[in-house]
Amino acid sequence: MVDSDVGVFTLVLFCDLTLWGALWSGTCLVGVPCSVGLAGLWTFGLLRWCLLYWVSRATVASGRERPWLQRWVATHSLLSPVFESVRNALHRGVPVTLLPGPAAVALLTVSSAGACLFWELSFPEDRADRRAAKKKHEAKALLMRVVRYSRADAPHLAVAFLFLILAVAGETFVPYATGNVIDILSSQYEYSSFLWAIGVFGLFSMGSSFCAGVRGGMFKWSLARLNKRVCHMLFGSLMKQEIGFFEETEPGHLCSRLESDTNKMSLSVVLNMNALVRSVVKTVGMLALMLGISWQLTLLTCVEMPVLALLQNAYSTYSLTYSQQVQDCKARTTAAVAAALDGVRTVRSCSGEATEVRRYEETLREMRRIQNRKGGVSAVHLLLRRLVTIFVKVLMLIYGRRLILLKQLTGGKLLSFVIYQKNMLNNMKDLVAVCGAMLTSVGAAAKVFKYLDRKPRQEEAGHLEPVSLEGRVDFRNVTFSYPSQPDKPVLRGLTLTLQPGKMTALVGPSGAGKSSCICLLERFYEPQEGEVLLDGRPLHHYSHRYLHQQVVLVSQDPQLFSSSVRCNIAYGLEECSLDKVKEAAVKASAHDFISRLEHGYDSDMGKGAAQLAAGERQRLAIARALVREPRVIILDEATRHMDASTQQAVQDVLSGSVGQTVLVVAHHLQTVQKADHIVYLEDGVVVEQGTHAQLMALRGRYYRQRERLFDLPVGAGN
Ligand SMILES: Nc1ncnc2c1ncn2[C@@H]1O[C@H](COP(=O)(O)OP(=O)(O)OP(=O)(O)O)[C@@H](O)[C@H]1O
């Protein structure tokens, strides 16, 4: 029993050569005619296949499947019948020999081994490696999924593929037509045959160019459509994710998925399929024409391919690794740049410019290092490829000259063959490159699908949309920790109630958990224990749109988007008249400054509304909240940047709103004093609660901490 791959291969080959040797010497000695016809040759080939198959199964150690061996046995046994059948189809009446001579046997053996080697290297077998098998299976599934997404473009793709095949067929025939023209010129010149040959040449050249143009256009069109669909789906899926997801994932990383990976994924179907079909059609067509010109030269070409495939395979492995490294490095660079540009104010105020430039330079340096290494490997690969190609070309020309002397070939046909041979090699290279590119783009597709399939780690919103809402909020025994720090609870068994129509103020030292309460009420996160109820129903029972129309948050640094003032106020509402927008702006004391802007409510805010003062941005955010006519308003330091009189006016509007529940987090004693109820939090638990007067009378934590809480001189606020 043999166990190594080389041992098994040698054993089976040895058996085959022994069989051939015995039969060949037998026929030579006895003189039995070996011209048997195609049927005889095929029968012999099939019998040989069965015998070698049995040998390969019987002599090797059991328990190890070797699919490559079975593929080689089949190729090796049937190569001769296939070759003779093709030769017979091209040149009728050629005698079919049962047992080829030693030179032909050597050539056939090398060709079958070379072809199998090429196959195994291009499409490697998962040698009983379960993980690799699983990966391959997943890659196939991913590719099929990308293909499924292209279904909507099927008519465009069908037209594109039709023109592709026509273009390739025309292109393949051009060297043959060139050879014909040269033969006419070098033999007895006849004007009519020359004109005919030139006409055929021109027709195929122009026809294939036209078809190639149509094909290119259709593929680009399909690519753009698919890309748009995928980007749209991915962005939609990202927008549904819970807030914790955006804290865990860098924005630069997500932008890279949206920009570059979606594009690569679309390319995997459109351009790679294009290249694949093109290479396959071209290879088959050229092989048929090359065999028609000279089967000996074709076999010689077959020897070159596995060597080049071997080189290409080694190169692809390195290249893939370096490409991945470059991609990761690019993502890091983008993230670094985005962070620096987003936080440019912080960078400036901390004079961190030099640090940012240094950080950026480091990532650029790393990128250059990887690209240098990639360039080195590419140069060595190119050199080796060229050497092999030159060596085989010299052999081919020497042998071609011999065939011309034997009158088996013309000069024009040799030229056609040389052109085909070069194209064939390029084709093979393309084929291997396409397989590599497909795997890369499948990698990109995997990243895109990871986010596309991600289910938000949050209870799905319900459909509850009651016509009227009282506005009562209950935190019932809530325990909560942030996803990034699951072992550090920031709220611990917290219970509190926001009475409908009343203003409640949350106070407490920094880090007490005030903003965390707001996050839970906005459903940015889910509590691990307990629940938050709105009118006695858990928040997730309400529909997403309804909840965020009824419970609105105005934060200290509100986010404004680069669109008009009107759109910013009506943001998220499907229909909202200008009158309603203005009414809300008036209530928020924003109307005056908006009217002074050049285009009033149609003025564009630009990125982050940088031209507005912080207080003006807050007033716009308050208008955005008021236009929704919510039942619960959350003000998280929402009036901090306003001057005292505006602050007063806005707070009067907010606290005077009929029936609205208001939750305030503020560091202004005046604001807190006005609240109907004050809740004092410390370390995520309610320590004291009551009105300002009650808490002052209690002389507890609220009383003792008020200087720290409200930045007051000692004795003030009594
Ligand atoms: N996104 C987050 N991920 C992890 N931990 C967080 C996050 N946000 C806040 N924390 C932590 O949770 C705790 C409570 O923070 P929270 O912002 O709720 O306090 P706060 O009372 O609002 O403080 P401040 O008055 O300073 O805003 C703090 O220890 C804080 O570090």
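Trainee: Hi! Where should I begin: how many bridges join strand 3 to strand 9?

Mentor: Four bridges join strand 3 (residues 503-507) to strand 9 (residues 677-682), and the two run parallel. Keep in mind that this is a predicted model. One pair to look up is Thr504, whose bridge partner in strand 9 is His677.

Trainee: And strand 9 with strand 10, is that pairing parallel or antiparallel?

Mentor: Strand 9 and strand 10 (residues 685-690) pair in the antiparallel sense, over five bridges. Within that pairing, Leu681 stands opposite Val686 of strand 10.

Trainee: What sits between those two strands?

Mentor: Strand 9 and strand 10 make a hairpin with two residues between the strands. Asp683 is found in that loop, and it has a positive phi of about 50 degrees although it is not a glycine.

Trainee: What sign of phi do most residues have?

Mentor: Most residues other than glycine have a negative phi.

Trainee: Ok, and how exposed is Asp683?

Mentor: Asp683 is partly exposed, with 14 other C-beta atoms within 10 Å.

Trainee: Which other residue has a positive phi although it is not a glycine?

Mentor: Look at Lys407, with a positive phi of about 60 degrees. Lys407 lies in the loop between helix 12 (353-405) and helix 13 (411-452).

Trainee: Is Lys407 buried or exposed?

Mentor: Lys407 counts as exposed because it has 7 C-beta neighbours inside 10 Å, and the cut-off for exposed is 12 or fewer.

Trainee: Back to the strands. What is the order of the open sheet with six strands?

Mentor: The order is 6-7-8-3-9-10, and the pairing is mixed. Strand 6 and strand 10 are the edge strands, each pairing on one side only. On average, neighbouring strands of this sheet are turned by 20 degrees against each other, direction ignored.

Trainee: Which helix packs on that sheet?

Mentor: Helix 14 does, touching strand 3, strand 6, strand 7, strand 8 and strand 9. The direction of helix 14 makes about 145 degrees with that of strand 7.

Trainee: Tell me about strand 7, then. How many of its residues are buried?

Mentor: Five of the five residues of strand 7 (residues 632-636) are buried, so strand 7 is largely enclosed by the rest of the structure. Both faces are covered: Val632, Ile634 and Asp636 are on one side, with Ile633 and Leu635 on the other.

Trainee: And which strands does strand 7 run parallel to?

Mentor: Strand 6 (residues 551-554) is joined to strand 7 by four bridges, running parallel. There, the partner of Leu553 is Ile634 in strand 7. Strand 8 (residues 661-665) is joined to strand 7 by five bridges, also running parallel. For that pairing, find Leu635, which stands opposite Val664 in strand 8.

Trainee: What holds paired strands together in general?

Mentor: Strands of a sheet pair through backbone hydrogen bonds, either parallel or antiparallel.

Trainee: New topic: what order do the strands take in the open sheet of four?

Mentor: That order is 2-1-4-5, with antiparallel pairing. Strand 2 (491-498) and strand 5 (537-538) stand at the edges with a single partner strand each, so one side of each is left without a neighbour in the sheet.

Trainee: How many bridges does strand 5 make with strand 4?

Mentor: Two bridges join strand 4 (residues 529-534) to strand 5, and they run antiparallel. Leu534 stands opposite Arg537 in strand 5.

Trainee: Which helix lies across strand 1, strand 2 and strand 4?

Mentor: Helix 14 again, running at about 115 degrees to strand 1 (473-480).

Trainee: I see a ligand too. How many residues surround it?

Mentor: The ligand is surrounded by 13 residues, and the closest are Tyr482, Ser510, Lys514, Ser515 and Ser516. Helix 14 (residues 514-521) gives the largest share of that shell, three residues. By type, the shell divides into three nonpolar, eight polar and two charged residues.

Trainee: Last one: how many residues does helix 7 have?

Mentor: Helix 7 (residues 191-240) has 50 residues. From first C-alpha to last it reaches 73 Å, close to the 74 Å expected at 1.5 Å a residue.

Trainee: Which residues in helix 7 are buried?

Mentor: The buried ones include Ala197, Ser208, Cys211, Arg215, Met218 and Phe219. Further along helix 7, Leu226, Val230 and Leu234 are among them.

Note on methods
Residues are numbered from 1 along each chain as its sequence is written. This is a predicted model: local features need pLDDT of at least 70, side-chain atom pairs count only at pLDDT 80 or more; totals for chains, interfaces and linings use all residues. Two strands pair if DSSP finds at least two bridges between them. The expected span of a helix is 1.5 Å times one less than its number of residues. A residue is buried if 20 or more other C-beta atoms lie within 10 Å of its own, exposed if 12 or fewer, and partly exposed in between; C-beta atoms are placed from the backbone. A residue is near a molecule or strand if its C-beta atom, placed from the backbone, lies within 6 Å of it. Ala, Val, Leu, Ile, Met, Phe, Trp, Tyr, Cys and Pro count as nonpolar, Asp, Glu, Lys and Arg as charged, and the others, Gly among them, as polar. Two residues are in contact if their C-beta atoms, placed from the backbone, lie within 7 Å. Axes are lines fitted to C-alpha atoms, for helices over the stretch in contact, and angles run from 0 to 180 degrees between N-to-C directions.
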